[in-house]
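Welcome! Have the sequence and the 3D view ready, and work through the exercises below at your own pace.

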Amino acid sequence: MLNTKFPLDLQMDMMDCGPACLKMIVKHYGKFYSLQYLRDKCGLTKEGISFADLSHAAEGIGLRSLALKCTVIDLIDKIPLPAIVHWDNSHFVVVYKVKGGRQKTEDLGSKMGTIYVADPAKGYVSYTAAEFAAKTIKKDGGVVNDETNKEKLVLMALEPQADFYERQVDEKIERLKTFENFLGYFKPYKKSFANLFFVMLLVTILQGMMPFISKAIIDVGIQTHDLDFINIILIANVAIIVSVLLSNMVRDWILLHITSRINIALISDYLIKLMRLPITFFENKKTGDILQRAQDHERIRSFLMNNSIGMIFSMLTFVVFGIILFIYNPIIFYIFLAGSTLYVGWVMAFLKLRKKLDWEYFDLVSKNQSYWVETISSIQDIKINNYEKQKRWKWEGIQARLYKVNLRVMSVTNTQNLGAQFIDQLKNLFITFYCAKAVISGDITFGVMISTQFIIGMLNAPVSQFIQFIIGFQFAQLSFLRLNEIHQLPDEHDNVGQNSMELPEKKSLIINNVGFQYTPAGKPILQGIRLIIPEGKVTAIVGDSGSGKSTLLKLLLRLYKPTYGDIRIGDMNINNISLRQWRDKCGAVMQDGKIFNDTILNNITLDDEKVDYDRLKKALQTANISQEIEALPLGYETIMGEQGRGLSGGQKQRVLIARALYKNPDYLFFDEATNSLDTINEQKITAALDDVFKGKTVIVVAHRLSTIRKAHQIVVMQNGMVVEIGNHDMLMQKKGRYYLLVQSQVDLSSTTIAPMALEN
């Protein structure tokens, strides 16, 4: 059943626009899928998705898709809506409605049609045909012309297949939680909150006495010229002010105590959750999006601790002083209530627009953070290639968009505030004039009038606090949704063995018809891999770049899950072993292994509580780096900079080798572990490793074929498939793919050495 109003879903991250568009269209046709489910269906990565990925996901849930190129006129007149349109060469939006049609003139700018767009980054927006064309098609000489821009607009039309409504939703839909997730953080502090509430109630009661004191001074003390009474009231007033001050100090101390603890708990739990997520989460997310979510916790904490608790205090104040005002004069109370209602209504009228701007602002802030991370991490390449100016221009482009959004936010805020101030001033003016007339007519005393002004001041604060609470709630809601989404993602350990168990007697790794691809519609990286990696032997994997060697290694380390097929240890499926137990038995040196900003000792032992110095010494000697470390002024306590700053490429690699060997694992995985080493160090380490490898199952990925000649088994890969298996001599005699790889390296070495020989 179609929704009469087209549904809107805003994207959570920069690259979510495609899945969010698909979610909107599915909702329009009456079904619901979560954004994460559609991300997985599309195969979303940090590079985004293509129309091919969208088509694959759409057809997988029962929507017929048709990708095509057309003119804006065709979109207005012929294309069935809703349709997904590629926008600004980097974004997807949904065109869900068109009003008006084609005019007789061929000038696109004169058409009266309005195109309605559901933008996952901005919300509901509408454009004229010319404005829409400027966003979606290229300009020739600055003029958008329909005849010269045919087939420049790219879109995908989607309609339900015959069995769309009969298909079962094959995902587990969990009830979305928002504030419930975070209220649990407050439960341990029930006693503190009870004390806080008592202090706030005490402050409110003390402040509630102030109007009566003011009235007594004017109507009794001044009228009767009783100085003793005035002095007594003055002392009472000072006592109340001091009591309020002390109560506020206690309140602030309690709030600081609770806030600090809850803030640490929030960030800690987020970090714990991040550590539990699979490696694919980090590979497919922009760094800015991950960092932005850490800042979301601060917004939530601020909202809960400041806006929410402040709102409770304001409600107490409003109730107490509202009752006092009603007792004093019901008409004044009703004037205040009417004015405040109008004031709140005016501010609330802007919330929808502010929400749209908040989503756009969050998206740009994430892009800005990702830009800074990318720039700082790539500064060497930027300088080498004189790319500073172009990178700065890109940053300025983001800042220009942020400036425009901030300008719109400021414009909305100013309009909202000016209107609210005008209403508030009118309300106070009406109350003042009414009180003045009431004093003249004798309905109220002058003391009541002065007290009323104090009461109105105390009541205005809760109304303003209520407005801030609503705005803060809207702003924090986005943070809640983004964080809630992360906490609902399945952990890396979900659906796999959790209990430690004995490994089978035969510990050979058996790869049975394994395939892998990064996205459902993507190119297969591995295809039908069938391989036995014998226990206690050295298996080398060679092949061209991009043949799937490193990916196979990551599957064995269970960083990735096979798209199909299974991996076994002896007769046991590897998934029956907990990840922690499996990785305890594995030592790995990866191509992109990282050195932490810590001491060399901690980088190797990884903060082992009880360092085994005999094992450490053996690992360092095998990695041939002990002498270089001991020559440093602080030796093993030398602190490395970020990413191993202060170490050469070869030294970093040897530290990583020592780290893997220190674990004394049953399985060793080396992915180009010696590619940064000079020939002498490589030969020394290779010779030392021969002794370490005895009795261990070793898998070595290498481009330098000289390092794997002694391997018991050499696996040759090409285009994601195993094409040859055997030892060095057998494969050389076969003169197949391995022979060609060896020959190409021998020929390369010859051409490099020959000129040197001629010079000598």
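## Warm-up: two sheets

Strand S10 (residues 564-569) and S11 run antiparallel and are joined by 2 bridges. Before going on, note that this is a predicted model, where local features need pLDDT of at least 70, side-chain atom pairs count only at pLDDT 80 or more, and totals for chains, interfaces and linings use all residues. Residues are numbered from 1 along each chain as its sequence is written, and side-chain values use heavy atoms, with hydrogens and water left out.

**Exercise 1.** Find the residue that stands opposite Ile569 in S11, then place S10 and S11 in their sheet.

*Solution.*
Step 1. Opposite Ile569 you find Met572 of S11. Helices (H or I, at least four residues) and strands (E, at least two) are DSSP runs, numbered from the N terminus.
Step 2. The open sheet has 4 strands, in the order S8-S7-S10-S11, with antiparallel pairing. Two strands pair if DSSP finds at least two bridges between them.
Step 3. Strand S8 (526-533) and strand S11 (572-573) are at the edges with a single partner strand each, so one side of each has no neighbour in the sheet.

**Exercise 2.** Work out the strand order of the open sheet of 6 strands, and name its edge strands.

*Solution.*
Step 1. The order reads S1-S6-S2-S3-S4-S5, and the pairing is antiparallel.
Step 2. Strand S1 (63-70) and strand S5 (123-128) are the edge strands, pairing on one side only.
Step 3. On average, neighbouring strands of this sheet are turned by 30° against each other, direction ignored. For such angles, axes are lines fitted to C-alpha atoms, for helices over the stretch in contact; in general, angles run from 0 to 180 degrees between N-to-C directions.
Step 4. Inside the sheet, strand S3 (residues 91-99) pairs with strand S4 (residues 114-119) in the antiparallel sense over 5 bridges. Val95 has Val117 in S4 as its bridge partner.
Step 5. Helix H3 lies across S1, strand S2 (83-87), S3 and strand S6 (153-160), and runs at about 5° to S6.

## Around helix H2

**Exercise 3.** List the buried residues of helix H2 (residues 35-42) and some of what covers them.

*Solution.*
Step 1. Buried means under 20% relative accessible area, exposed over 50%, and partly exposed in between (1.4 Å probe, protein chains only).
Step 2. In H2 the buried residues are Leu35, Tyr37, Leu38, Arg39 and Cys42.
Step 3. Their cover includes helix H1 (17-28), helix H3 (51-60) and helix H16 (446-487); contact means heavy atoms within 4.5 Å.
Step 4. Just after H2 comes Gly43, with a positive phi of about 75°.

## Charged pairs

**Exercise 4.** Which residue does Arg39 meet in a salt bridge? Compare the burial of the partners there with that of Lys427 and Asp424.

*Solution.*
Step 1. A salt bridge is a side-chain nitrogen of Lys or Arg within 4 Å of a carboxyl oxygen of Asp or Glu. By this rule there are 13 salt bridges.
Step 2. Arg39 meets Asp16, with 2.5 Å from N to O. This pair links distant parts of the chain, with Arg39 in helix H2 and Asp16 in the segment before H1, 23 residues apart.
Step 3. Arg39 and Asp16 are both buried.
Step 4. The side chains of Lys427 and Asp424 also meet in a salt bridge (2.9 Å, N to O). They are 3 residues apart in helix H15 (residues 388-441), which means a separation of about one helical turn.
Step 5. Lys427 counts as buried because its relative accessibility is 4%, whereas Asp424, at 22%, is partly exposed.

## Helices and the record

**Exercise 5.** Is Phe198 buried or exposed? And what about Thr622?

*Solution.*
Step 1. Phe198 belongs to helix H7 (residues 190-208). At 54% relative accessibility, Phe198 counts as exposed.
Step 2. Thr622 lies in helix H20 (residues 613-622). Thr622 is buried, with a relative accessible area of 7%.
Step 3. Leaving aside neighbours within four places in sequence, Thr622 is in contact with Leu661, Ile685, Ala688, Leu689 and Val692.

**Exercise 6.** Which residues does the UniProt annotation "transmembrane region" cover?

*Solution.*
Step 1. The unreviewed UniProt entry gives 196-217, 229-247, 303-325 and 331-351. UniProt positions are given in the numbering used here, feature names are shortened, and annotations may be inferred rather than shown by experiment.
Step 2. Residues 196-217 are 95% helix and 0% strand, with end C-alpha atoms 32 Å apart.
Step 3. Residues 229-247 are 100% helix and 0% strand, and their end C-alpha atoms lie 27 Å apart.
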